[in-house]
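Could you walk me through this model in the viewer, one selection at a time? I would like to know what to pick next and what is there.

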Amino acid sequence: MGVNRTYISIGCASVGLLVGFSAFLVWNVVYNQSWTAAMGGLSGVLALWTLITHIMYLQDYWRNWLKGLKFFFYTGAFFSLLAIIAFIVFLSIAITNKESLTSQSFYLSCVWSCMSLKWSIILCWSTHRYHKEFADISILRDF
């Protein structure tokens with residue numbers, strides 16, 4: 001029997017959680033770059049929400065709480081938009097300041113904006129998939 005892809009998703013989300021929060025700590029404490037730390041922390045929080053989504057799916061909590069899945073979906077969509085706006089803003093600031101690729105650069109904030117975008121898209125995708133699965137089951141249960 002093969003490995004369930006939900007378990008792989010849980011592993012990836014756990015790694016994303018650790019990397020995001022470590023980026024938050026490193027760029028706050030060592031480099032004192034608050035914008036990069038904020039985007040790294042946001043990436044970690046979105047990975048945490050994705051991890052919670054997968055764990056709640058395995059524990060079968062979503063079957064009775066489809067509104068919660070919609071809330072997670074809309075949260076992911078909001079943070080996707082926020083990450084895109086942040087990427088554009090950080091890239092514009094880095095270009096106008098003619099920054100180079102250093103640890104104090106806004107280009108690293110762009111990288112962490114992309115990581116936040118990735119986790120928010122994964123959150124939207126997984127909640128949509130779970131909602132679709134449980135909505136089909138609830139329709140069949142009504143008959």
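Start by selecting residues 5-29, helix 1, and residues 34-58, helix 2. This is a predicted model, and in it these two helices pack at an angle of about 155 degrees, with their axes 7 Å apart. An angle over 145 degrees counts as roughly antiparallel, so helix 1 is roughly antiparallel to helix 2. Turn the view until one helix lies over the other: helix 1 passes helix 2 in a left-handed crossing. Now colour the contact between helix 1 and helix 2 by residue class, and you will find 16 nonpolar and 13 polar residues, with no charged ones.

**The loop after helix 1**

Next, click on Asn32, which sits in the loop between helix 1 and helix 2. What is the sign of phi at Asn32? It is positive, about 55 degrees, although Asn32 is not a glycine. As background, most residues other than glycine have a negative phi. With a surface switched on, Asn32 should be easy to place: its relative accessibility is 64%, so it counts as exposed.

**Into helix 2**

Move on to Thr36, which lies in helix 2. Is Thr36 buried or exposed? Its relative accessibility is 0%, so Thr36 counts as buried. Show its side chain together with that of Ser109, and you will see a polar contact of 2.7 Å between the two side chains. Then display the other residues around Thr36: leaving aside neighbours within four places in sequence, it is in contact with Trp27, Ser105, Leu108, Ser109 and Trp112.

**Helix 2 against helix 3**

Keep helix 2 on screen and add residues 66-96, helix 3. The axes of helix 2 and helix 3 come within 12 Å and cross at roughly 160 degrees, so this pair is roughly antiparallel too. Helix 2 passes helix 3 in a left-handed crossing.

To see the residues that meet here, select these two sets:

- From helix 2: Trp35, Met39, Leu42, Leu46, Trp49, Ile52 and Thr53.
- From helix 3: Phe71, Phe72, Thr75, Phe79, Leu82, Ala86 and Phe90.

Coloured by class, the contact of helix 2 with helix 3 has 12 nonpolar and 2 polar residues, and no charged ones.

**The end of helix 3 and the loop beyond**

Now go to Thr96, which lies in helix 3. Thr96 counts as exposed because its relative accessibility is 62%. Draw a distance from a polar atom of the Thr96 side chain to the backbone oxygen of Ile93, and it comes to 3.1 Å. For a longer ruler, join the C-alpha atoms of Thr96 and Gly76: they are 30 Å apart in space and 20 residues apart in sequence.

Step along to Lys98, in the loop between helix 3 and helix 4 (106-142). Lys98 has a positive phi of about 50 degrees, although it is not a glycine. Its relative accessible area is 74%, so Lys98 is exposed.

**Zooming out**

Finally, show the whole chain as a cartoon. You will see 4 helices and 0 strands, in the pattern α-α-α-α along the sequence. The C-alpha atoms fill a box of roughly 65 × 30 × 25 Å along the principal axes. Of the 143 residues, 38% count as buried. If you plot a contact map, look at the contacts with a separation of 6 or more: residues 24 or more positions apart account for 74% of them.

Methods. Residues are numbered from 1 along each chain as its sequence is written. This is a predicted model: local features need pLDDT of at least 70, side-chain atom pairs count only at pLDDT 80 or more; totals for chains, interfaces and linings use all residues. Side-chain values use heavy atoms; hydrogens and water are left out. Axes are lines fitted to C-alpha atoms, for helices over the stretch in contact, and angles run from 0 to 180 degrees between N-to-C directions. Angles under 35 degrees count as roughly parallel, over 145 as roughly antiparallel, 65 to 115 as roughly perpendicular and the rest as oblique. A crossing is left-handed if the near helix is turned anticlockwise from the far one by less than a right angle, and right-handed if clockwise. Ala, Val, Leu, Ile, Met, Phe, Trp, Tyr, Cys and Pro count as nonpolar, Asp, Glu, Lys and Arg as charged, and the others, Gly among them, as polar. Contact means heavy atoms within 4.5 Å. Buried means under 20% relative accessible area, exposed over 50%, partly exposed in between (1.4 Å probe, protein chains only). A polar contact is a pair of N or O atoms within 3.5 Å; within protein, one must be able to donate a hydrogen and the other to accept it, and residues adjacent in sequence count only if both atoms are side-chain atoms.
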